[in-house]
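Welcome to a short set of exercises with worked solutions. Have the model open beside you and follow each step at your own pace.

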Amino acid sequence: MTYRQNDDHRGPGRRRFLTTAALSGVTIVGATALGGIDADAAFASEPSLDPAIPESSFVEGRITGITGSVLQVAGSYGDHARVRMTNATSVWKARPTTAAEIEIGDGLYARGVPMPDGTVAADAVWVNIVNLDTRIRGIAKSRLHLSHGRHEIVGHVLPDTTNASYAGRALTSDLSRLRIGQSAQVLGAWRPADDSVDIVRISVGH
């Protein structure tokens, strides 16, 4: 299965980072720079860089090992990296969480500062994040059935986490206005075990 985010931000002079993470057949595409730490920051096209930080690094791939506070990451292009978690690292995995929720096999997109020992000290880590163009094929109480290209995806509705945006309006927990056949943008977290997705935000009429 291949997941792709549309890349419509091509304006000149924009400092941005584009990464593709091939995770067990799933491709996660995002753009970010040192700045925000929420889920949207992983796909920001207009980064706001902290002038106090001379250089930022990005790591993407699949976590192959965890040794203490260091994550071993196999990248999409055969490269390998080590990401160091610190007390200041922000972790997102469908919701803000802690490093204890990171598992071997998870996909990772990390932003941080390169260290002399070759690690990247992460200020933010997004685990299994995806941003998908979909169409709603079915609606159940705790899940949505979605299509992404030729692929069928189960989207899990998370209590107290899943929100909807209708025609660009403010987020709401009311999903009752979702309809079969609607095009929907889904921001969420991929579940490696079964290729389903935990839905954080679903936007329709945008």
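**Exercise 1.** Find the acidic partner of R84 and work out what the pair connects.

*Solution.* Start at the side chain of R84: a salt bridge joins R84 to D117, with 3.1 Å between the closest N and O atoms. The term salt bridge is used for a side-chain nitrogen of Lys or Arg within 4 Å of a carboxyl oxygen of Asp or Glu. Next, place both ends: R84 belongs to strand 5 (residues 80-84) and D117 to the loop between strand 8 (107-114) and strand 9 (120-127), so the contact ties together parts 33 residues apart in sequence. Strands here are DSSP runs (E, at least two residues), numbered from the N terminus.

Before going on, a word on the model. It is a predicted one, in which local features need pLDDT of at least 70 and side-chain atom pairs count only at pLDDT 80 or more, while totals for chains, interfaces and linings use all residues. Residues are numbered from 1 along each chain as its sequence is written, and side-chain values use heavy atoms, leaving out hydrogens and water.

**Exercise 2.** Decide whether R84 and D117 are buried, partly exposed or exposed.

*Solution.* Take the cut-offs: buried is under 20% relative accessible area, exposed is over 50%, and partly exposed lies in between (1.4 Å probe, protein chains only). R84 has 27% and is partly exposed; D117, at 40%, is partly exposed too.

**Exercise 3.** Apply the same steps to the salt bridges of K93 and of R191.

*Solution.* First, K93 meets E103 at 3.7 Å, N to O. K93 sits in the loop between strand 6 (90-92) and strand 7, and E103 in the loop between strand 7 (96-97) and strand 8, ten residues apart. K93 counts as buried at 19%, whereas E103 is partly exposed at 47%. Then turn to R191, whose salt bridge with D198 brings the closest N and O atoms to 2.7 Å. R191 is partly exposed at 32%, and D198 is buried at 13%. Finally, shared partners join K93, E103 and D106 into one salt-bridge network.

**Exercise 4.** Which residues are closest to the centre of the second largest pocket?

*Solution.* A pocket is an open set of points on a 1 Å grid over the protein atoms alone, where a 1.4 Å probe fits, with protein on both sides within 12 Å along at least five of seven lines; lining residues have an atom within 4 Å of a point. The second largest pocket has 13 lining residues, and K93, A94, E101, N128 and D198 are the closest to its centre.

Key. Helices (H or I, at least four residues) and strands (E, at least two) are DSSP runs, numbered from the N terminus.
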